[in-house]
Amino acid sequence: MTAGVVKRARLRQFLVLSPPLLWTVLFMFVPYAILVVYSFWRAQFPLAVPDFQFGNYIEIFTDPQYLNVLLRTAKIAGLVSLLSLLLAFPYAYFLVFKVRKPGLRLTLYMAVVAPLWVSYLLRAYTWKTILGTEGLLNSFLMSTGILSEPSSVFLYNQTAMIITLTYVFIPFMVMPIYAALEKIPPSLIEASGDLGEGALATLAKITIPLAMPGIVAGFTMTFCLSFGDFISPILVGGPDGLMIANVIAAQFGAALNWPLGSALALVMLVIVLGIITASDRFERLGQARLS
Amino acid sequence: MTEIVALKNISKHFGTVIGVDNVSLTVEQGEFVTLLGPSGCGKSTLLRMIGGFEEPTQGGVVISGKDVTHLPPNKRPVNIVFQDYALFPHMSVGKNVGYGLRVGGMRRTEVAERASDALELVGLADRFDAKPHELSGGQRQRVALARAVVRQPKVLLLDEPLSALDANLREAMQVELKRLQRKVGLTFIMVTHDQTEALALSDRVIVMREGRVMQDGTPDVLYDRPSSSYVAGFIGTTNLFQGQVRGETLHALGHQLLVPKGLAPDGSMLTFGFRPEKAEILPLDAAAKGTLPATVTDILYHGNSARIVVDVSGVSLSIDQTIAGARHGSGLPEIGDRVQIAISPDRIMVLADEVAA
C-alpha cells in the first residue's frame, strides 16, 4: 500500500512538472544541442555536411573580420551601458532621495519603465524618424536656423545606434539602481553629513558603494541586451554598425553558412554567460559583505 | 554655566501641518536635557533642526554663540545618534567610528588610534574589525555612540537611542549612557517617549505636546509639581479631580480635604491631583480629619507594593500601599471594603488646566 502511495505521489509530481520540463527541453535544450552539433559541421553546397572539426571556431578566432565585429559589438554595448548608467543613476537618485511625494515618484518611475510595454521595434524605429533627414532633429535645427539644409550625419552610424540602444534599454538600468537606492536607509546619508562629509563625499563613500549591487545588475542587463541586439543596427546603424547578431543572422541567411553561424552564436552565448556569471559572483560577494 | 544651544522662537511647518510651534529653549554646557512627549509631538523635529537635518520655517538655532540656522549638518559642531544607529554596513566598526575623523584630513594611523580609544570608552575595543551586522543591538548602539563622541562635538543629540533595545538591555544601556555622559562631560540632548528613561537620565526634561513645550523642569519638579494634568498624566500616574479651595479646605468629591493655605485662589473651580503613593488607606473607624470615605474596587498586587483602586463619590482613585508598611491589621484591604483615604495635604497638586470648568 505504501509503495502505491509513493508511486501515486511520484506520478502527480511528474504530471505537474512535465509541461514546463517538456517546454524547456523542446525549446531550449534541443535547439542548443542542434547549434552545438552544427557548429562542428562543414559548410558545403547546398548547406552543410555532418562532421566533427574545429574549422568554424578556428575561423572565428583567426579571421580578423569576426574578431572586429565582436570587439565593435562589445564597444557599443559597453558605451550603451556606460551612457545608461550616467543617465540612470542621477535619475534614480533624484527619484529616491529628492522626490518626497510618493505619487510623483511613482509617476516619474513609470515614465521610464512604461515604454517597456511598447513594442521594441517601434521604440527603435522612433529614433529613425527623429534622426533622419526629414526627422524631428533636422526640422528643429533648420527652424532655429542652425542648419540651412537637412543633414544626414545623425542617422546610420554608431552614434545613432548608441543613442537608440540606450533609449531602448535604459529601463533595465533604472530599475535595479532604483531598487538598490531605495533600500539605503536615509539615516545613513544623514549620518555621513552629520559626521562632516559633504554631499559629493557621501555619494562616493556611502551611496555608490551601497548601490553597487544595483549598478552591477543594471550594467549586466544593458550590456548583455545590447550585445545581442540586431534590430537597431538594421534600423539606424550604418555600414560600420554591424554587430555580432547581424553577422550570425547573415550566416543563416544570405551567406548560407549554418555551421559558422552556429559556432558564432555559441561564442556569443559563452561571452554573455561569462559576463552574467561574473556579475553574479560580484553581487554575491557584495551581499556577503553587507548582510 | 555657559549656554551652548539656544533655540529662538523656532517653528517648523510641513505643508499645513505644524510640527514645531514657536519653541524657545536654552541648554547649558554639560547638561543632559530630554525632550519628552508622545509620537508626533514635534520632539524629533526639534532635535533634527538642532542637527541641521530640517530647516526651521521660522526662528533661529544658535550653537555655542554662532547662528547655525541655515548651515547643513556637516558644518555644525554637533553629532547625532540615530534611532536605527545608521552604522555604515559596508565598513568595519573601526572604519565607522573613524569616518568622521578622516574628514578633517587626519592621518590614517591617528584616525585608527582615536577610533580604538573611542571604542575602548564604550567597551568594544576588541570589535574594531567586526562588521556592524556581526554585532548585537546593544553593541551597535555603543558603536553609534563612539562614532558620535569621537568627533568631540559641542552637543550630542540622541534620537530615541534606546527604543530599539529590549527591556533588560535598555536598563543596562541607561546606566551606561549616564556614565558615558559624566565621563566625557558632553552636553546631551535626547529625544524619548519613555518617561522612566527621561526621569532616570536627565538633568532637565522638556515635556512637549503638539509642537509646543508644556513644561520645562528638573525630573523632581515635573513629578512633584506638574503644571498641567497633561504633564501629570504623562509622567507617572496621577489621580485627578475637580475642586474648589476655600481657605484651608478643598471642597472636592463631595467632601472636604485639608490643604495648605494659599494652595490656589479662593473659590475658583480647578483641577487637582495627587500621586498614588502620596495617600494612605485607613480603616473606616480610624479617627482622622480631612479624609475621604471610599470603597475598594480593585487590588493589583506588585510584590513589594499593591495598587488599590477605590471609588470616591463615583471617581476612581489609585493608591499605592507598600506591603511591609501597611500599618493596620493584616495589611491589604479586600475588595468591597469601606475605607477612608488620607492624602498628605502638601502633596496635593494644583494643575493649571484648560479643562477646569
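How many Å separate the centres of domain 1 of chain B and domain 2 of chain B, taken over C-alpha atoms? It's 40 Å. Keep in mind that this is a predicted model. Here's a quick tour of the two chains, starting with how A and B meet and then going through the domains inside each chain.

**Where chain A meets chain B**

- On the contact count, 21 residues of chain A touch 22 residues of chain B.
- Putting the two chains together buries about 1900 Å², and carbon and sulfur atoms account for 58% of that.
- On the chain A side, the residues that lose the most area to chain B are Glu190(A), Asp194(A) and Leu195(A), which together make up 35% of what that side buries.
- The interface of chain A and chain B has 1 salt bridge.
- That salt bridge pairs Arg48(B) with Glu190(A), and its closest N and O atoms sit 2.6 Å apart. So Glu190(A) turns up twice here, since a salt bridge needs a Lys or Arg side-chain nitrogen within 4 Å of an Asp or Glu carboxyl oxygen, and Glu190(A) is also listed among the residues losing the most area to chain B.
- Polar contacts across the interface of chain A and chain B come to 9 residue pairs, with both residues at pLDDT 80 or more.
- Three helices of chain A, namely α8 (186-194), α9 (199-227) and α12 (258-290), each put at least two residues into the side that touches chain B.
- Of the side of chain A that touches chain B, α8(A) supplies the largest share, with 7 residues.
- Sorted by class, the side of chain A that touches chain B has 9 nonpolar, 7 polar and 5 charged residues.

**Inside chain A: two domains**

- The domain assignment splits chain A into domain 1 (1-39) and domain 2 (54-290).
- Over C-alpha atoms, the centres of domain 1 of chain A and domain 2 of chain A are 36 Å apart.
- For the contact itself, domain 1 of chain A brings 5 residues and domain 2 of chain A brings 10 residues.
- About 610 Å² is buried between domain 1 of chain A and domain 2 of chain A, with 72% coming from carbon and sulfur atoms.
- On the domain 1 side, Leu35(A), Tyr38(A) and Ser39(A) lose the most area to domain 2 of chain A, and together they cover 80% of what that side buries.
- Between domain 1 of chain A and domain 2 of chain A there are 0 salt bridges, but you do get 2 residue pairs in polar contact, both residues being at pLDDT 80 or more.
- The side of domain 1 of chain A that touches domain 2 of chain A is made up of 4 nonpolar residues, 1 polar residue and no charged ones.

**Inside chain B: two domains**

- For chain B, the assignment gives domain 1 (3-229) and domain 2 (237-351).
- The contact between them draws 7 residues from domain 1 of chain B and 8 residues from domain 2 of chain B.
- Together, domain 1 of chain B and domain 2 of chain B bury about 580 Å², 54% of it on carbon and sulfur atoms.
- Tyr223(B), Pro226(B) and Ser229(B) lose the most area on the domain 1 side, together 70% of what that side buries against domain 2 of chain B.
- Salt bridges between domain 1 of chain B and domain 2 of chain B number 0, while residue pairs in polar contact number 2, with both residues at pLDDT 80 or more.
- Helix α7 (residues 219-224) of chain B gives the most to the side of domain 1 of chain B that touches domain 2 of chain B, namely 3 residues.
- That side of domain 1 of chain B breaks down into 3 nonpolar, 3 polar and 1 charged.

**What the UniProt record adds**

- An unreviewed UniProt entry annotates residues 5-235 of chain B as "domain: ABC transporter". In the model, this span is 36% helix and 27% strand, with its end C-alpha atoms 25 Å apart.
- For chain A, the unreviewed entry puts "domain: ABC transmembrane type-1" at residues 70-279. That span is 76% helix and 0% strand, and its end C-alpha atoms lie 20 Å apart.
- UniProt's "transmembrane region" feature (unreviewed entry) lists several stretches of chain A, including residues 21-41 and 160-181.
- Residues 21-41 of chain A are 90% helix and 0% strand, with 29 Å between the end C-alpha atoms.
- Residues 160-181 of chain A come out at 100% helix and 0% strand, with the end C-alpha atoms 30 Å apart.

Key:
Residues are numbered from 1 along each chain as its sequence is written. Chains are lettered from A and ligands numbered from 1 in the order in which they are written. Side-chain values use heavy atoms; hydrogens and water are left out. UniProt positions are given in the numbering used here, feature names are shortened, and annotations may be inferred rather than shown by experiment. Helices (H or I, at least four residues) and strands (E, at least two) are DSSP runs, numbered from the N terminus. Domain bounds come from an automatic or database domain assignment. Contact means heavy atoms within 4.5 Å. Buried area is the accessible area (1.4 Å probe) that two parts lose on being put together, summed over both. A polar contact is a pair of N or O atoms within 3.5 Å; within protein, one must be able to donate a hydrogen and the other to accept it, and residues adjacent in sequence count only if both atoms are side-chain atoms. Ala, Val, Leu, Ile, Met, Phe, Trp, Tyr, Cys and Pro count as nonpolar, Asp, Glu, Lys and Arg as charged, and the others, Gly among them, as polar.
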